[in-house]
Amino acid sequence: MPEVEFDRAKAKAFTQLMVRHLEGAAVSVMLEVGRRVGLFEAMAKIGAATSVEIAEKSGLSERYVREWLAAMVCGGIVEYASRERTYRLPREHAAGLTGASTRNLTSMVEMFPLMTRVIPDVAEAFRTGGGVPYSAFQPDFTGLMDRRSRPRYDELLFSAYLGKPEGLLPRLEAGIRVADVGCGTGHCITLMARRFPKSTFVGYDISDAGIASARAAASGLANASFVVQDVAKLEVSAPFDLITAFDAIHDQADPAGVLRQVRAALAPGGTFLMLDVCASSELADNVGLPMAAYLYTMSTMHCMSVSLAAGGPGLGTAWGHQLATRMLREAGFAEVQLFERVDPANSLYVARGDR
Ligand SMILES: C[S@@+](CC[C@H](N)C(=O)[O-])C[C@H]1O[C@@H](n2cnc3c(N)ncnc32)[C@H](O)[C@@H]1O
């Protein structure tokens, strides 16, 4: 075989790409530090200020603040006026780093320390083919997931998710039986139970901590209840008219089993609403999409590995539209409608047992 010539331009371009990745990783570390100590929230209020003023107003050590500011300036997050020696977090940047809305991207950054904590376990799993159990991510995972998804549900649950299937909102108003599988801290159930007092809601999750938080949050709601339950073994005495799964199928130990149990627990004419990551099952389709590398990283570090740890198939975060649709059909759903990218990261599947 003739040796392929070493392409110097390609090597140079790759070095530049690596530099950008390294810069991005470094900035992520500093973003997480800034989020933890409240520097973004503080700077959004202060306006242009010296490091001394920022440190004083945020109650932090000036030397640390100044070094952090330098990283933030070089990373393009904070603006620096060298003559005045002042730092400013522009309003447009503050919008992506502060507040309780989905625009605040720091909840994505918060994932990194949790994922890097399990690097030794994941590396070991590469050798053994095993996985990393959910317990390795606790006690932090449940709260982190809640912080990350709560603003999205506050903003989009009714308009972008429940509002998609025709006629569902009026049925919820009129009063139906609803279950949410893998409900986490039960925020979706709480929101729905408040809005639709004539409907009744049950949240199922395998996590004791998640269900305890859910019960506390919904304590005043007579139409909401929560059960610690492995949904792969879900058996119900009375079927549900609507079952929802928000970001809770792709990391299951037995996703096919869960989908079958969901199908069996649906009343005739019932609907299964599955919100899951927007991706193609084909890697080639995902290359170049924003955040595609993030998806596969989170998959390796968590979603795929927790499934493998429990003897599951390890579908992965980007199991994708094609596979998800096929699995829904194989579980007995006669009709599957796909609404792509109902929010920046997710697609919605509306599945019905009968046409
Ligand atoms: C990624 S979190 C999503 C939580 C919540 N739906 C949300 O969107 O914030 C997945 C949830 O599924 C739960 N889970 C995983 N396997 C489960 C199983 N077999 N039975 C019930 N819950 C399960 C986890 O405990 C976790 O709370």
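**Exercise 1. Which helix gives the most to the shell around the ligand, and with how many residues?**

Solution. Keep in mind that we are working with a predicted model.
- Step 1: Look at helix α9, which spans residues 140-162; this helix contributes the most to the ligand shell, with three residues.
- Step 2: Widen the view to the whole shell. There are 16 residues around the ligand, and those that come nearest are S149, Y153, G182, D205 and F246.
- Step 3: Sort the shell by character. Seven of its residues are nonpolar, six are polar and three are charged.

**Exercise 2. Find polar contacts of the ligand, then state how much of the ligand the protein covers.**

Solution. Let's take the ligand atoms by element.
- Step 1: Start with oxygen. One ligand oxygen sits 2.4 Å from a side-chain N or O atom of Y153.
- Step 2: Move on to nitrogen. A polar atom in the side chain of D230 is 2.9 Å from a ligand nitrogen, and a backbone N or O atom of Q229 is 3.4 Å from a nitrogen atom of the ligand.
- Step 3: Turn to area. On its own the ligand has 600 Å² of accessible area, of which the protein covers 92%.

**Exercise 3. Decide whether A245 is buried or exposed, and list its contacts beyond sequence neighbours.**

Solution.
- Step 1: Locate A245 in strand β6, residues 240-246.
- Step 2: Its relative accessible area is 0%, so A245 is buried.
- Step 3: Setting aside neighbours within four places in sequence, A245 contacts D180, V181, F272, L273, M274 and L275.
- Step 4: Check F272: it is 27 residues from A245 along the chain, with 7.9 Å between their C-alpha atoms.

Conventions: Residues numbered from 1 in each chain as written. Predicted model: local features only at pLDDT ≥ 70, side-chain atom pairs only at ≥ 80, totals over all residues. Heavy atoms only, no water. Near = heavy atom within 4 Å. Polar contact = N/O pair within 3.5 Å; in protein donor to acceptor, adjacent residues only side chain to side chain. Areas by Shrake-Rupley, 256 points an atom, 1.4 Å probe, with all protein chains shown as cover. Helix = DSSP H or I, 4+ residues; strand = E, 2+ residues; numbered from the N terminus. Nonpolar A, V, L, I, M, F, W, Y, C, P; charged D, E, K, R; others polar. Buried < 20%, exposed > 50% of the residue type's maximum accessible area, 1.4 Å probe, protein only. Contact = heavy atoms within 4.5 Å.
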